[in-house]
Every structure is written in C-alpha cells, then in structure tokens.
Amino acid sequence: MYCMVPGCTICSKKTKGSDISYHRLPNDQQMRRTWLRRVRRDNLPKANSCYFCSAHFTPDCFEGSLKELFGMKGKKALKSGSVPSIFPFLHRKPERKLSYKRAQIREKIAKDEITSEMRKKYPSIIHQYDVWHLSKWIKKNLGKKVKTKINESLLKWIQSVSNHLWWCSQTCGGDAEVLREKWVSILNHVVNKHRWKNGKRFRKCGPGRLSRRKERKTKWLEDGSAAYVALEGVVLNKKLLKDIEKLTEFHHTGDNVEVHSQTSSFFIQRHVGQNPIGSD
Ligand SMILES: [Zn+2]
Ligand SMILES: [Zn+2]
C-alpha cells in the first residue's frame, strides 16, 4: 500500500510494525469528494487503491482514547466524518511565496487592463480616482512627517494641502504648467505670502484678499522651519510633480454632471468663501 498524498513517502513496506495505519476513501460520495479535493492531485489512482496514511489526520479523528491508540499497533479506525488535514505541501514555504508573487502579478495585470479600459470609457471617473489617489499619498506622507515633534505645526495644514490639489486640478484649465505652478504655490501661501515673482503663469493667490481676522487666526508656518522643510519635501517630490501632470484633464468633466457635482464639494476658492485654504 502506498499513501496517495503528494509528497508523502509512507508505504506499507516501510511502516511494518509501526502504528501507521492506512485508510480507504469514505463510501459517502460527498465526503469522498472532500478528501480528494484536499489532496490536490490530478492523476488519481483507482478508487480501490486510494489510501491515506494516518499521518494526515489529527489525533481527534481516531476512535478511542489517544493512549489506547498509540499503545496499540496496526489498525486504527477513523471516526466517521473525519477529513485529512495535515499535508506536506501545506508546509513548503518557497512554493507558497512564489504562488503569492504570481497572484500579485496576475492581479496587477488585471487591474491595469481594467484601468486602461476605464480610462477610455469613463475618463472623468478615472481622473477623479487619480486626484483622490495622489491626495491620499500626500496626506499619508505629511502624516508621517508630523509624527516628529518638531514638525507638529504642519498638522493643521494637511487637509488644506490635500484640498489644494483638488483645487489645482479643477482650475488649471488643462494646462500642465499652470497646474504645477498652482500646486507649488502652496509653499508661499503657508508662510502668509500671497504674491510672488518666480511664477510664469500664476503669481498670486486670489482672487479675493484674505481678511485681517483670517490672517490673524491662521497659524502660518515659518519659512525655513523644520515643518516648512518637511512640507517642501512632499510638495516638491519628483514623482509627485510628474504624476500631477495627469490631473490636467479635469476641465473635460463638465459634460459629466454627476461626477462634477460630487467633486465640486472639494472646490476651494482661495481666500474667498467659507473655507479658504489654510483654515479648518
Ligand atoms: Zn501519507
Ligand atoms: Zn494665499
């Protein structure tokens, strides 16, 4: 008799005199299918020569007390309804790792296919996803920075900076340069500087002026402070600056009223309205 479990080398020749026992497939068809499914084997031997050795069953699967079981040699009876659960292939780590990696690759391919298909069909939804994705990245990274005590003052700005990205993508008019300049201008705004010279297309926050009260109330960052440098690191991140170029498509979404009304809640009118940037 040979055990049919892949990877198990137990056979009656080797186990003579031991307390290893061999068990045929159960008669119940459904149980039989369960056993065979668990064994993960394609080329099944004939049913009457299918044996499972006792090494694949937990002790509680056998009739009688454990003491009795291991004291006696030879036949052990399985309780009805027992299923094999100990398999050598469940413990081979490298194989599992490989298949996990493979699954990841497969998942990525499937995702990419969906995204490119979606890009064609629903550009505005995908666009919204892009902005959401990037603003999440920004929040996450600023969140990491404020964990350091010296950067604490940045905490109040995280939401505003993330909102700023939505505002930039909505107001750039499809122009990547404008979008970029608007985006980096946050580094002026946070230090209470609302006009600057080093921009080609965008040189002031606006259109409204910040009220005196608002200006007093806002906790501006100090230029060159640790918190400011930390913010700068995230805002000017090379990959981010490249990725935000994708956000220029937003002005096309006017035709999709539903999506537009959803995102318009993110529209921040700088310096005017109820919630100007920098407040919370
Ligand atoms: Zn076996
Ligand atoms: Zn400003």
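**Overall architecture and local features of the predicted model**

Of the 280 residues of the protein, 23% count as buried. The model is predicted. Its secondary structure comes to 12 helices and two strands. From the N terminus on, the elements run α-β-α-β-α-α-α-α-α-α-α-α-α-α. Contacts across the sequence were then examined. Among contacts with a separation of 6 or more, 66% join residues 24 or more positions apart.

The nonpolar cores were considered next. The largest nonpolar core holds 23 residues. Within this core, Leu154 and Leu231 touch the most other members. Four elements give two or more residues to this core: helix H5 (123-145), H6, H7 and helix H10 (226-235). The surroundings of Leu154 were listed without its neighbours within four places in sequence. On that basis, Leu154 is in contact with Leu142, Lys145, Val146, Ala227, Ala230 and Leu231. Another core, of six residues, lies apart from the largest one. Among its members are Met4, Ile10, Phe52 and Cys53.

Helix packing was described for one pair. Two packed helices are described by the angle between their axes and the distance between the axes. Here the pair is helix H6 (residues 158-171) and helix H7 (residues 176-184). Their axes come within 9 Å and cross at roughly 155°. An angle over 145 degrees counts as roughly antiparallel, so H6 is roughly antiparallel to H7. The crossing of H6 past H7 is right-handed. From H6, the residues that meet H7 are Leu165, Cys168, Ser169 and Thr171. From H7, the partners are Leu179, Lys182 and Trp183. By residue type, this contact of H6 with H7 divides into four nonpolar, two polar and one charged.

Ser169 deserves a separate description. Ser169 lies in helix H6 and takes part in the contact with H7. Within 10 Å of Ser169 there are 27 other C-beta atoms. The cut-off for burial is 20 or more, so Ser169 is buried. Ser169 and Val131 are 38 residues apart in sequence. In space, their C-alpha atoms are 7.8 Å apart.

A second serine was examined in an earlier part of the chain. Ser21 is found in the loop between helix H1 (12-15) and strand S1 (22-24). Ser21 has 21 other C-beta atoms within 10 Å, and therefore Ser21 is buried. Ser21 and Cys11 are 10 residues apart along the chain. Their C-alpha atoms are separated by 9.8 Å.

The loop between helix H3 (66-71) and helix H4 (93-121) was then inspected. Ser85 is found in this loop. Ser85 has 11 C-beta neighbours inside 10 Å and so counts as exposed. Ser85 and Trp35 are 50 residues apart in sequence. From C-alpha to C-alpha, Ser85 and Trp35 are 9.1 Å apart in space. Val83 also has its place in the loop between H3 and H4. Val83 counts as partly exposed, because it has 16 C-beta neighbours inside 10 Å. Val83 and Pro26 are 57 residues apart in sequence, yet 9.5 Å apart in space, C-alpha to C-alpha. The contacts of Val83 were listed without its neighbours within four places in sequence. They are Thr34, Trp35 and Arg38.

Backbone angles were noted at two further loop residues. Arg40 has a positive phi of about 50°, although it is not a glycine. Arg40 has its place in the loop between helix H2 (29-39) and strand S2 (51-53). With 12 C-beta neighbours inside 10 Å, Arg40 counts as exposed. The cut-off for exposure is 12 or fewer. Asn192 has a positive phi too, of about 65°, and it is not a glycine. The place of Asn192 is in the loop between helix H8 (186-189) and helix H9 (212-217). Asn192 has 14 C-beta neighbours inside 10 Å, so Asn192 counts as partly exposed.

Methods: Residues numbered from 1 in each chain as written. Chains lettered and ligands numbered in written order. Predicted model: local features only at pLDDT ≥ 70, side-chain atom pairs only at ≥ 80, totals over all residues. Axes fitted to C-alpha atoms, helices over the stretch in contact; angles between N-to-C directions. Parallel < 35°, antiparallel > 145°, perpendicular 65-115°, else oblique. Left-handed = near helix turned anticlockwise from the far one by under 90°. Contact = placed C-beta atoms within 7 Å. Nonpolar A, V, L, I, M, F, W, Y, C, P; charged D, E, K, R; others polar. Core = buried A, V, L, I, M, F, W, Y, C linked by C-beta atoms within 7 Å.
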